[in-house]
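Colleague: I'd like a close look at one part of this model, please. Take your time and walk me through it.

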Amino acid sequence: MIAIIGLVIGVVLGVVLQPDVPAVLQPYLPIAVVAALDTLAGGLRASLEGAFDGHVFVTSFLFNIAIASFLVFLGDQLGVGAQLSTAVIVVLGIRIFSNAAALRRLLFRS
């Protein structure tokens, strides 16, 4: 319940304050959001399977965002930022859809 309240407060603050993302960080924001969605999907799956651990969730959340952002940064430094960014999105997208399929099987028994 605390997580849902925190999410609602965060969304409301984001809508009301409309923070500006510095231009330097703009390439990393979409990657961080997709990495966060991947972790959330995995956490929901683990919760429904009865294997959820809050410590693992938080560390996975932070680690996924850090690794995905580092890969995009590395791609920028090597001059292949767009290609590496696309690769990260594809991999995380596959993981999100895999977790979504598992959630569908758990919820609808299909």
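Which residues make up the largest nonpolar core?

Modeller: Keep in mind that this is a predicted model. The largest nonpolar core has 8 residues in all: Tyr28, Ile31, Val34, Ala35, Ala68, Val72, Val88 and Leu92. Helices α2 (29–49), α3 and α4 (81–108) each give two or more residues to this core, and the largest share, 3 residues, comes from α2.

Ile31 is a good place to zoom in. Leaving out neighbours within four places in sequence, Ile31 is in contact with Ala68, Ser69, Val72, Ser85, Val88, Ile89 and Leu92. Of those partners, Ala68, Val72, Val88 and Leu92 are themselves listed in the core.

Now slide over to Asn64, which sits in helix α3 (residues 54–78). Not counting residues up to four places away in sequence, Asn64 touches Ala35, Asp38, Thr39 and Arg95. Ala35 is one of the core residues, which gives you a link back to where we started. Have a look at Thr39 too: its side chain makes a polar contact with the side chain of Asn64, at 2.8 Å.

Last stop, Phe70, also placed in helix α3. You might wonder why an aromatic residue like this is missing from the core list. Phe70 has a relative accessible area of 45%, so it counts as partly exposed, and a core residue has to be buried, meaning under 20%. For a sense of scale, the C-alpha atoms of Phe70 and Arg45 are separated by 26 Å, with the two residues 25 apart along the chain.

Notes
Residues numbered from 1 in each chain as written. Predicted model: local features only at pLDDT ≥ 70, side-chain atom pairs only at ≥ 80, totals over all residues. Heavy atoms only, no water. Helix = DSSP H or I, 4+ residues; strand = E, 2+ residues; numbered from the N terminus. Polar contact = N/O pair within 3.5 Å; in protein donor to acceptor, adjacent residues only side chain to side chain. Contact = heavy atoms within 4.5 Å. Core = buried A, V, L, I, M, F, W, Y, C linked by side-chain atoms within 4.5 Å. Buried < 20%, exposed > 50% of the residue type's maximum accessible area, 1.4 Å probe, protein only.
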